[in-house]
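Student: I would like to learn how to read a ligand site and a pocket in a model like this one. Could you walk me through it?

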Amino acid sequence: MDPVILEKLENCQSLPSLPAVAYQVIEHAKCNDSDSALIASILEKDPALAAKVVALSNSAANMGAMTINSVKDAITRIGLDMTMTLALSFSFAKAMYDKQINTMDHQLFWRRALVSGVLGRVLASKMGQVKPERFFLAGLIQDIGMLAFNEIEAERYGVLFHSAKEHSELVKFEQKEFSTDHAKLGAWLLANWGMPDFYVNLVRNSHNAINKDTHIDEQIVIFSGDFAELWVHKEPSLAMGHLIKKNNKCRLFSTKEISAIVDEVSSQLPVLNEIFATDVKTPFSISRLIEDAKQILVDRNMKLIGDLDKARKDASETKASEEQLKEQLKKDILTNVFNRAYIEIISDRAFRHSSDNSCPLSVMFLDIDHFKQVNDRYGHQSGDIALKQFAKTLVKASGKGCYVGRYGGEEFVIIMPGMAADRAMAIATKIRNILRKNPLQVSQSVKLPISASIGIATFTPGQHEFSSAEHLMDAADKTMYQAKKSGRDRALIFKA
Ligand SMILES: Nc1nc2c(ncn2[C@@H]2O[C@H](COP(=O)(O)OP(=O)(O)OP(=O)(O)O)[C@@H](O)[C@H]2O)c(=O)[nH]1
């Protein structure tokens, strides 16, 4: 447990406390050779407690017609162990009820505890447990940790309590806020009171996930809490939906059995109300509740299917936008042709492909002539338009299978897999013609002719002129400079 919470628990003066009698009962409950007469005398010292024990004994399931009249009768009739369990149940119930608190809804807590107790007993009987009363006590006290939370963290806990729509949500909130839940606090409290491990462990595990391999004792306590939600949830059909879903995981009860369990609890409530001076009623019709819950589950399933479809669609959209992003990372922002980094990757790949498949590879470098003047005379924006238009011309003229990239500034490159020098030269001529015929419209009145200096280098496998893509690119670049130097607006082919 979180050390801060533990310290607060250890130093808290106002945790619920048990009547003195309860401590003596706990001590005796732990040893196997308890003396019936001694226990009877201990319990009879507290007449209110003794009366409740007797009443609880009479209310216990399958007791037969004979009414028990005293603690001694109870011990004879139901045995020492069960009598002590009932005495403890009442002591705990009193301790829990007396701990009236404002921050959380005490009546709600109390109703839930009592119904959980009855359910523990009913479920244990249905599941063939020999001492069902032990599960009355276990069900009753399983949420006692909530009282401890409420004492050590009153305000924070009050907020959680009132924000949670249901018990399972409260447990989630506790975990998030305190890194522990009330089952752990309850187990700590019970261990502190010296309760037998049987109860301490059941309470500690009362929020565990359940499956068909879960120990039967734990299944009883976990289900007693889930069933109890039917009596305290604002929308019992939702609670029934959760219950049916959980039950499906371990296939414990049929719908008919769930219905019988609820009926059994409802029939025991009047006696329990009398003993504990409460007024807990069953606020729903069980058959209606099961039908509503099934409908909710059907609706949920339909929604789930819808959500799943949406999730799939979102995932493919995410994938698509990832692809888009990847594509963008390859591109030059201004001109939308490939950037230098990606062109270098392509040139490497193309070079390898070319040498592996014995096919030619041409690389063309192009540099716009006197580009500085465009910027200087007509402004940077016109320069940008010129660059974009130039890039478009290259893409259009080179066609599919070629890769156009901006190498930097006003310098561009085209990777031409499978193309020999003559085909590359034909494309260069095409580019120059398009440029000549389409002067750049810089303003309404000014059209600016643009030309480029072009260098071409071709790798022909077997001729050993170039050992790498880098080498080939370098040759095309140098050839472009030669074209510049020799008068611009021309295309030259590299010669070794
Ligand atoms: N508008 C604009 N201009 C750019 C960009 N990148 C580079 N430039 C300009 O391109 C011009 C390149 O000038 P220079 O290297 O002197 O070459 P040039 O004027 O084209 O002359 P030659 O290449 O010798 O024909 C510079 O003015 C740069 O500012 C850009 O992204 N947008």
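Tutor: Happy to! Let us start with a polar contact, which is a pair of N or O atoms within 3.5 Å. Keep in mind that this is a predicted model.

Student: Thanks. Which polar side-chain atom lies 2.8 Å from a nitrogen atom of the ligand?

Tutor: That atom belongs to Asn-375. Two further pairs are worth finding on your screen. A polar backbone atom of His-380 is 3.0 Å from a ligand nitrogen, and a polar side-chain atom of Glu-410 sits 3.0 Å from a ligand oxygen.

Student: How much of the ligand does the protein bury?

Tutor: The protein buries 67% of the 660 Å² that the ligand exposes when taken alone.

Student: Which residues come nearest to the ligand?

Tutor: For a shell like this, a residue counts when one of its heavy atoms lies within 4 Å of the molecule. Here there are 16 residues around the ligand, and those that come nearest are His-370, Phe-371, Lys-372, Asp-384 and Arg-406. By character, the shell splits into eight charged, five polar and three nonpolar residues.

Student: Which elements supply at least two residues each of that shell?

Tutor: They are β1 (361-368), α19 (371-378) and α20 (380-398). The largest share, four residues, comes from α20.

Student: What lies in the loop between α19 and α20?

Tutor: Gly-379 lies there. Try judging its accessibility: partly exposed covers the range between under 20%, which is buried, and over 50%, which is exposed. Gly-379 counts as partly exposed because its relative accessibility is 24%. Its C-alpha is also 9.4 Å from that of Val-442, although the two are 63 residues apart in sequence.

Student: Now for the pockets. What is the volume of the largest pocket?

Tutor: Its volume is about 710 Å³. Of the 25 residues lining the largest pocket, the closest to its centre are Ser-168, Glu-169, Asp-226, His-242 and Lys-246.

Student: Which elements give two or more residues to that lining?

Tutor: Three helices do: α11 (167-178), α14 (216-232) and α15 (236-250). Among them, α15 provides the largest share, with six residues.

Student: And how do the lining residues divide into nonpolar, polar and charged?

Tutor: Eleven are charged, eight are polar and six are nonpolar. As an exercise, colour the lining of the largest pocket by these classes, then do likewise for the shell around the ligand.

Methods
Residues numbered from 1 in each chain as written. Predicted model: local features only at pLDDT ≥ 70, side-chain atom pairs only at ≥ 80, totals over all residues. Heavy atoms only, no water. 1 Å grid on protein atoms, 1.4 Å probe; cavity = no way out; pocket = protein on both sides within 12 Å on 5 of 7 lines; lining within 4 Å. Points joined across faces, edges and corners; volume = space filled by probe spheres on them. Nonpolar A, V, L, I, M, F, W, Y, C, P; charged D, E, K, R; others polar. Polar contact = N/O pair within 3.5 Å; in protein donor to acceptor, adjacent residues only side chain to side chain. Areas by Shrake-Rupley, 256 points an atom, 1.4 Å probe, with all protein chains shown as cover. Buried < 20%, exposed > 50% of the residue type's maximum accessible area, 1.4 Å probe, protein only.
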